[in-house]
Each structure stands twice: as C-alpha cells, then as structure tokens.
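Dear colleague,

Please find below the structure that I am handing over to you. My account of what was found in it follows directly after.

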2 protein chains.
Amino acid sequence: MRRTRFDDAFCPIARVTDLLGDWWTPLVLRDAMYGITKFEDFQQELGVSRAVLSARLVRLVDEGLLDKIPYQDRPVRHEYVLTEKGRAAGDVLAAMWRFGEDHMWEGDDQPLVELASRTTGEQVRPLVVDEATGERVELDRLKLRRRR
Amino acid sequence: MRRTRFDDAFCPIARVTDLLGDWWTPLVLRDAMYGITKFEDFQQELGVSRAVLSARLVRLVDEGLLDKIPYQDRPVRHEYVLTEKGRAAGDVLAAMWRFGEDHMWEGDDQPLVELASRTTGEQVRPLVVDEATGERVELDRLKLRRRR
DNA sequence: CGGAGTGAGTCTGTTTGTTGAACTCACTCC
DNA sequence: GGAGTGAGTTCAACAAACAGACTCACTCCG
C-alpha cells in the first residue's frame, strides 16, 4: 500500500507537506540554500544514503525547486541549483529556523549558530507577519473561507 | 536500523524537521489550529489510520506542542489542545500555507480557500520578514555564523 | 600503459514505518 | 440486553530507509 499522498489536497499546507514532508528533504533544501550544488557534497554533508539522496534530488527537480544543470561533458557532471520556486521555499525553512531557535533547545541552552545578513552583519531573526498589516500571524486565530 | 534522527542536530531546521517531518504531523497540527480537539474528529477529518494518529498525538504531547486534558471521567475522555509552543509552530504552517498558495497550483489555478482575519474579515497573506528590519528574508542570501 | 581517484549514481538484504481493517475496553442510551 | 461511541491497540501486508558494496565513465599520476 502506498503511503497516503496529499499532493492534490485542497489545502496548501497539505500540498507542501507532501513535497517537504519526505524524510531528509528539508535538509537537502537547506544545504542548497547554503550553496551546496554537487551530489557528493550533499551526500557528505548530510550523511544520507546515496539512494535516498538521489530520489530526493529527482523529486525536487521534478517539482521545480532545483534545476539540474550540466557543467561539464566527458563525463557528464551536474550541479543542482535553486530555482525561483526553490528560493521561495526558503521562507518555510526560515520559519522552521525561528521556531527551532526559540523552542527546540532546553532551558537556557541556545543553538550554536545564528543567521546574519551578508551585507550589514546584523543578526537576522525570521518572523511571520501578515503582508498587508505587518502584524504577527497567529494561525489559530484566523479563519478559513472560500476564496471569492 | 532506525530512521536517522535529527533531534540533537546543531541546526534548528534539522531539529524541527525531526519533529514536524513525520508523515501526517503537520496536518494534525493544522487541524489543531482549526480547533479540532478530539481523537475521533482528527481521525475522521484526516482519514489517517488510528494507529498513526495515536503515535503522532503522543509525540506532539511529549514534545510539548499539545496538552492532553481530561474533560470527563467514566469513561475518561481527553481533548488535545495547543500549548504556547504549539501555537508558535503555527508560524511554520503559515509559511507553508503561503508557499503552497503561491507555488503549488498550476497555471492560473488557485486554492479554493484563503486565510482571513476573524476580526476585520480581511484576507491574510503570511510573509516571512526579519524581525529587526521588517524586510523580507531570503535565506539563500544570509550567512551562518557561530553565536557570540 | 596501469592503477588510483572521483563524481554520480544503482543494487541489495535487512530493518522500520505506514496502511486499512478488525478488535478491545469502558462506558451511555434506549 | 443490545446498539452506539470515544479512544485507542493489534495485525499482516506493503512501502521506505538504512549501510555498504558495486558500477560506469572518465581523469590524473608515474
């Protein structure tokens, strides 16, 4: 029996879960954000099995988050680079970063690393707001309605 | 061999992946955001197997995203309600919503539902910004550094 | 020319996880 | 006394993930 798929669900969260919910997928995407492009580099960085990595990269290319671009012939070698859609998925990872930073360390412990701007050097702390008002989003306080 | 765990990774994204990356988990949390509290209601809404639902709820309670509160004796019945930490995880779901809304429908198709404020009735579109500057976060443009 | 090295996978046997369906248990309601 | 309900647990079949070995097409070094 196939694992239940959500890729044609009416709900955006379900469709994204279908795409990013496979084990290892968010970490592959994260490493792509950090500039990793080659199969071997993903594999060594993550320690994932080569078979699983191969399957994840194929999916991400199929879904349009990564482009697979040949950068030499004889033998053919590829690099995997983020597409526009792939970069947009960075917002989900950024939200995960913030939630993890705030809630996944016990007591006074904090993660050893932080995000910072390459230009100003200031620390960056992702926050989810409403685009129109700039106010924090609280999902449990919103309602769902049919789009008009 | 156990599926590789990321719950003690140095990276916040990896730890959150460990927590939310199990199949069905984001959807359980989403339904909790929409106000579902009872086992049977989750099961019927999602169509997930009862065994998996049971395991996911146990994990979410263990991790402190849900509280399991008895609301009657004889027989004991519980409701699962979001904790503060659980509501905070809503930001990740909101970012998923936005990415899904923008990128998971083909061509001119759009999801049939949208998020709206309960108070003003205005549509809400989650956006990930830097808390300090209010500017959009582009994860692939940031750097990682050791926290000082 | 021969052998080591490398990038990008595929293959294999075993262990874990997911699925749908049936089953349990402790009740309540008629 | 029997049907119904809420909240699970158990089961066997199937899918996915694991570590490690293997393949293939090259290049580089001596």
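Is A:Phe6 buried or exposed? The model is a predicted one, and in it A:Phe6 is buried, with a relative accessible area of 6%.

I begin with the aromatic contacts. Over all chains, the search of the whole structure finds 4 aromatic pairs. One of them is formed by A:Phe6 and B:Trp24, which meet edge-to-face, at 4.8 Å centre to centre and with 70° between the planes. Because A:Phe6 lies in the segment before α1 (12-20) of chain A and B:Trp24 in the loop between α1 (12-20) and α2 (25-33) of chain B, this pair joins two chains. B:Trp24 also counts as buried, at 8% relative accessibility. A further pair is that of A:Trp24 and B:Phe6, whose ring centres are 4.8 Å apart and whose planes stand at 70°, so it is edge-to-face. This pair likewise crosses between chains, running from the loop between α1 and α2 (25-33) of chain A, where A:Trp24 lies, to the segment before α1 of chain B, where B:Phe6 lies. Both A:Trp24 and B:Phe6 are buried. In addition, ring pairs link A:Phe6, B:Trp23 and B:Trp24 into a cluster.

The backbone at position 24 deserves a separate remark. Most residues other than glycine have a negative phi. A:Trp24, however, has a positive phi of about 85° although it is not a glycine. Phi of B:Trp24 is near 85°, again a positive value in a residue other than glycine.

Two arginine side chains are placed over tryptophan rings of the other chain. B:Arg3 lies over the face of A:Trp23, at 3.7 Å from the ring centre. B:Arg15 lies over the face of A:Trp105, also at 3.7 Å from the ring centre.

Turning to internal space, the search of the whole structure finds 1 cavity of 30 Å³ or more. Its volume is about 120 Å³. Both chains contribute to the lining, which includes A:Thr17, A:Leu20, A:Met96, B:Thr17, B:Leu20 and B:Met96. At least two lining residues come from each of α1 and α6 (90-103) of chain A and α1 and α6 (90-103) of chain B. By type, the lining residues divide into 8 nonpolar, 4 polar and no charged.

The helix α1 of chain A, some of whose residues line that cavity, is itself well covered. Of its 9 residues, 9 are buried, so α1(A) is largely enclosed by the rest of the structure. Among these buried residues are A:Arg15 and A:Asp18, together with A:Ile13, A:Val16 and A:Leu19. The elements that cover them include α2, α4 (50-62) and α6 of chain A, as well as α2 and α6 of chain B.

Finally, I would draw your attention to A:Arg147, in the segment after β5 (142-146) of chain A. A:Arg147 has 16% relative accessibility and so counts as buried, the limit being under 20%. Leaving aside residues up to four places away in sequence, A:Arg147 touches B:Glu101, B:Gln110, B:Pro111, B:Leu112, B:Val113, B:Glu114 and B:Gln123.

With kind regards

Conventions. Residues numbered from 1 in each chain as written. Chains lettered and ligands numbered in written order. Predicted model: local features only at pLDDT ≥ 70, side-chain atom pairs only at ≥ 80, totals over all residues. Heavy atoms only, no water. Phe/Tyr/Trp six-rings, centres within 6.5 Å; stacked < 30°, edge-to-face > 60°. Helix = DSSP H or I, 4+ residues; strand = E, 2+ residues; numbered from the N terminus. Buried < 20%, exposed > 50% of the residue type's maximum accessible area, 1.4 Å probe, protein only. Lys NZ or Arg CZ within 6 Å of the ring centre and 35° of its normal. 1 Å grid on protein atoms, 1.4 Å probe; cavity = no way out; pocket = protein on both sides within 12 Å on 5 of 7 lines; lining within 4 Å. Points joined across faces, edges and corners; volume = space filled by probe spheres on them. Nonpolar A, V, L, I, M, F, W, Y, C, P; charged D, E, K, R; others polar. Contact = heavy atoms within 4.5 Å.
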